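Hello,

Here is the structure I said I would pass on. My notes are below it.

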Amino acid sequence: MLSILVLGVLVGPYLWPVAINDIDFAAKLQGPSLAHPLGTDDLGQDLLARMMYGGKISLAVGFAAMLVALTVGVLIGSVAGMSSGWVDAALMWLTDLFLALPTLPLLLLVMYLFRDSVKKVLGVEGGAFVLIVIVIGGLRWMPVARLVRAQFLSLREKEFVEAARALGASKVRQVVQHILPNALGPVIVVGTIDVAAAIIFESTLSFLGLGFPSDVPTWGSMLRDAKDYLDIAAHWALFPGAAIFLTVLAINFVGDGLRDAFDPRRML
Amino acid sequence: MNRQYIIRRLLIAIPSLLGISVILFGILAMAPGDPFEELATNPAIPPEVRMALRAKFGLDDPVWQRYLHWFSAMVQGDWGFSFQSRMDVDRLILQRLPVTLIVIGASQILAISVAIPVGVLAAIKPYSIFDQIASTFAMIGFSLPTFFTGLVLILVFSIQLDWLPFVYRADINAKGWAFYGEHIKQSIMPVVVLGLAQAGTLVRFMRSSVLDVIRLDYVTTARSKGIGERKVIVRHVVRNALIPVVTLIALQLPAVFGGAIVTEQIFRVPGIGSLLIAAIQANDTPVVMGVTFIISCLVVLFNLIADILYGWLDPRISFR
């Protein structure tokens, strides 16, 4: 399911070479037909082409934000897990503080305040991409950090780490060679679910008009444009909505499967 | 439950509020843009006047001084003036807050009353057909973005069936029961959208929590004493399984407020969420800051309540 979506988004544009911004007023707001398999929007632009373009953006944002979240989370979690005392306490306090922050309002606030200046530096599309990825990633690292810390606390007392320590391995080597690979299982599960969450956040931002600029078709911004035409062109809203839903559902199922595979407590 | 525990929780909440205010102010201070920027391009105003204005409003002070200034103003309830609505920000937020709290409260009640029975029933017979169906639906509910469910509900119930209004109106022309009837009718869809999104997550929590408890020895003891199965589940299992769920509900709150913003925007509910979006579109910075701050405060407050409830439900906590 997920691989079909990824393939469709990556290969699809070559098989369906219709431009995303081909305006054709004669064919506006049409339902699905042979010429336009998913119909057209209010400017007569082909929805299938726009969907594939939007899918590429959504998946890219999802994975990039997950990488940011994992990097920050693993870094903070492992520092907290290896050091005890006040460093650990301070980092965990910071983590709890970020956990209490309401993500969406903060996302909106940051997008609102920084949008214009980042746009100037990195260009319209690139700026929005970098900003969205950093902000979503920067607000999603806390569960990873907690998880990594908990794993570190138990792993660093294990015999094999002690053996490495006795052999004179440095702290960095202990972490990179011995502890981190063993702590990674649950982190991957959380990372998978983070991709889904990041995709939802990105489409929410676009839906509220604060994500990518409005001429870039993402699933969220397509839904936003479509919501005023629900009565005459329902297909326009249904296809991108269903695409978001199916992608997120597929990723969550993968995450669930991975969790079951990694969970030693799993009963019958 | 001892008083010390509550006091300790209260003392922990204060630094987190301070931390949140530092983060919010930091974002604001790092943001580019200068309130007197347009004066710079106005040839009638000499640069010295602009510098004097900056100095008067303290824009050249070091960051920490500006923070203290801003923070003391926030504490005193001076949240600034909304240029868009021509009124004080705190009054504007107070006007909008009750609607949001009612919608969130009703959706939480809906979510809890759906999720607890379903989660318990699914956990009693794990991997049965009911459990499979419930888990699948929970997964679907948890993967559906609120803005899409909202649009689908509008499509089905407002446009196809024409049962429910899709725009929330504050000026209803009716009195007595009809007035309340209209209000309930127009709240159904926002509440259901928000509630179902929550219910999906809650069913999963509840199910795993019951599964953790049902294997414990005291449940076997209760069964072997000959207590009926129904009574064992309701009185012994569910009561203990609910304890962790209370915390998890509190941890979900930031997400609930996020969902509320989207839902209010779709159905045009006049709450603080739609206020936030409208303020962002109108570049009304004092309102944006005020709403973000009040939402953060509410989340900390509800987390505090959950912590205290947790201590009350589980007396073992207090002695730690």
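What follows is a short account of chain B and of its contact with chain A. Please keep in mind that this is a predicted model.

Overall make-up. Chain B contains 12 helices and two strands. In sequence order the pattern is α-α-α-α-β-β-α-α-α-α-α-α-α-α, with four helices ahead of the two strands and the remaining helices after them. Of the 320 residues in chain B, 34% are buried. Taking the contacts in chain B between residues at least 6 apart in sequence, 72% link residues at least 24 apart.

Helix H5. In chain B this helix covers residues 89–124, which is 36 residues. At 1.5 Å a residue it should span 52 Å, and the C-alpha atoms at its ends are 51 Å apart, so the two values agree. H5(B) nevertheless has a kink of about 35° at B:Arg96. The proline B:Pro98 comes shortly after that kink.

Contact with chain A. On the chain B side 35 residues take part, and they are in contact with 34 residues of chain A. The elements of chain B that give two or more residues to this side are helices H1 (3–30), H6 (129–143), H7 (146–160), H10 (229–267), H11 (272–281) and H12 (285–313). H12(B) supplies the largest share, with eight residues. By residue class, the side of chain B that touches chain A has 27 nonpolar residues, eight polar ones and no charged ones.

Regards

Key. Residues numbered from 1 in each chain as written. Chains lettered and ligands numbered in written order. Predicted model: local features only at pLDDT ≥ 70, side-chain atom pairs only at ≥ 80, totals over all residues. Buried ≥ 20, exposed ≤ 12 C-beta atoms within 10 Å, placed from the backbone. Contact = placed C-beta atoms within 7 Å. Expected span 1.5 Å × (residues − 1). Bend = angle between axes of the 7 residues up to and from the residue. Nonpolar A, V, L, I, M, F, W, Y, C, P; charged D, E, K, R; others polar.
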